[in-house]
Amino acid sequence: MTPGTGDVAGVSAPLVPDGTREELARRMQQALSGFVDSPHRSVKEAADVLDAAADELTAALADHRRALRADWDGRDGHDDDQEPDTERLRVTLQAYRAMAERLLRV
């Protein structure tokens, strides 16, 4: 299901897939455990993990924003001449609020 208004509960789902999160956590743990033997390499790997995590999060947020916008501005294949109904707009507003509140808690 898309992260748009049809999936308001999906707003609280992890933005980064489980497998990706686990891989990034594994890489960070490796960086931490390798510090004694190779401090520079460990810090470089930690920086790479943070960059990858930020990229994943940025991409996920962009996907959510596109899906939410498509739900209310006609870019989702609905008739361009017809405005979304009030209920659809209400649900979309709830999804925007939920995502904004989630981001502000980070």
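Which residues does Ala52 touch, not counting residues up to four places away in sequence? Keep that in mind while you look around; the tour comes back to it.

**The whole chain**

Before you select anything, note that this is a predicted model. Show the protein chain as a cartoon and you'll find three helices and zero strands. Starting at the N terminus, the elements go α-α-α. Now switch on the surface: the accessible area is about 7600 Å², and carbon and sulfur atoms own 56% of that. Of the chain's 106 residues, 25% count as buried. If you draw contacts between residues at least 6 apart in sequence, 65% of them join residues at least 24 apart.

**First stop: H1 against H2**

Select residues 18-33, which is helix H1, and show H2 along with it. The two axes come within 8 Å and cross at roughly 165°. An angle over 145 degrees counts as roughly antiparallel, so that is the label for H1 and H2. The crossing itself is left-handed.

Turn on side chains where the two helices meet. From H1, pick Thr20, Leu24, Arg27, Met28 and Ala31. Facing them from H2 are Ser42, Glu45, Ala46, Asp48, Val49, Ala52, Ala53 and Glu56. Colour this contact by class and you get seven nonpolar, two polar and four charged residues.

**Zoom in on Ala52**

Now click Ala52, which sits in helix H2. Here's the answer to the opening question: leaving out residues up to four places away in sequence, Ala52 touches Leu24 and Arg27. Is Ala52 buried, exposed or partly exposed? Its relative accessible area is 22%; buried would need under 20%, so Ala52 counts as partly exposed. Try a distance label too: from C-alpha to C-alpha, Ala52 and Thr20 are 9.6 Å apart, while 32 residues separate them in sequence.

**A quick hop to Ala25**

Go back to helix H1 and click Ala25. With a relative accessible area of 46%, Ala25 is partly exposed. Draw a line from its C-alpha atom to that of Val49 and you'll read 8.3 Å, for two residues that are 24 apart along the chain.

**Second stop: H2 against H3**

Next, select residues 39-73 for helix H2 and residues 86-105 for helix H3. Their axes come within 9 Å and cross at roughly 160°. That makes H2 roughly antiparallel to H3. Look at the handedness and you'll see a left-handed crossing here.

Which residues make this contact? On the H2 side, show Leu61, His64, Arg65, Leu68, Arg69, Ala70, Asp71 and Trp72. On the H3 side, show Arg88, Leu89, Thr92, Ala95, Tyr96, Met99 and Leu103. Sorted by class, the contact of H2 with H3 has nine nonpolar, two polar and four charged residues.

**Last stop: Val91**

Stay in helix H3 and click Val91. Is Val91 buried or exposed? Its relative accessible area is 17%, and the cut-off for buried is under 20%, so Val91 is buried. For one more distance label, join the C-alpha atoms of Val91 and Asp71: they are 9.6 Å apart, and the two residues lie 20 apart along the chain.

**Before you close the viewer**

Zoom back out to the three helices. H1 is roughly antiparallel to H2, and H2 is roughly antiparallel to H3. For a final picture, colour Val91 as buried and give Ala52 and Ala25 another colour as partly exposed residues.

How values were computed
Residues numbered from 1 in each chain as written. Predicted model: local features only at pLDDT ≥ 70, side-chain atom pairs only at ≥ 80, totals over all residues. Heavy atoms only, no water. Axes fitted to C-alpha atoms, helices over the stretch in contact; angles between N-to-C directions. Helix = DSSP H or I, 4+ residues; strand = E, 2+ residues; numbered from the N terminus. Parallel < 35°, antiparallel > 145°, perpendicular 65-115°, else oblique. Left-handed = near helix turned anticlockwise from the far one by under 90°. Contact = heavy atoms within 4.5 Å. Nonpolar A, V, L, I, M, F, W, Y, C, P; charged D, E, K, R; others polar. Buried < 20%, exposed > 50% of the residue type's maximum accessible area, 1.4 Å probe, protein only. Areas by Shrake-Rupley, 256 points an atom, 1.4 Å probe, with all protein chains shown as cover.
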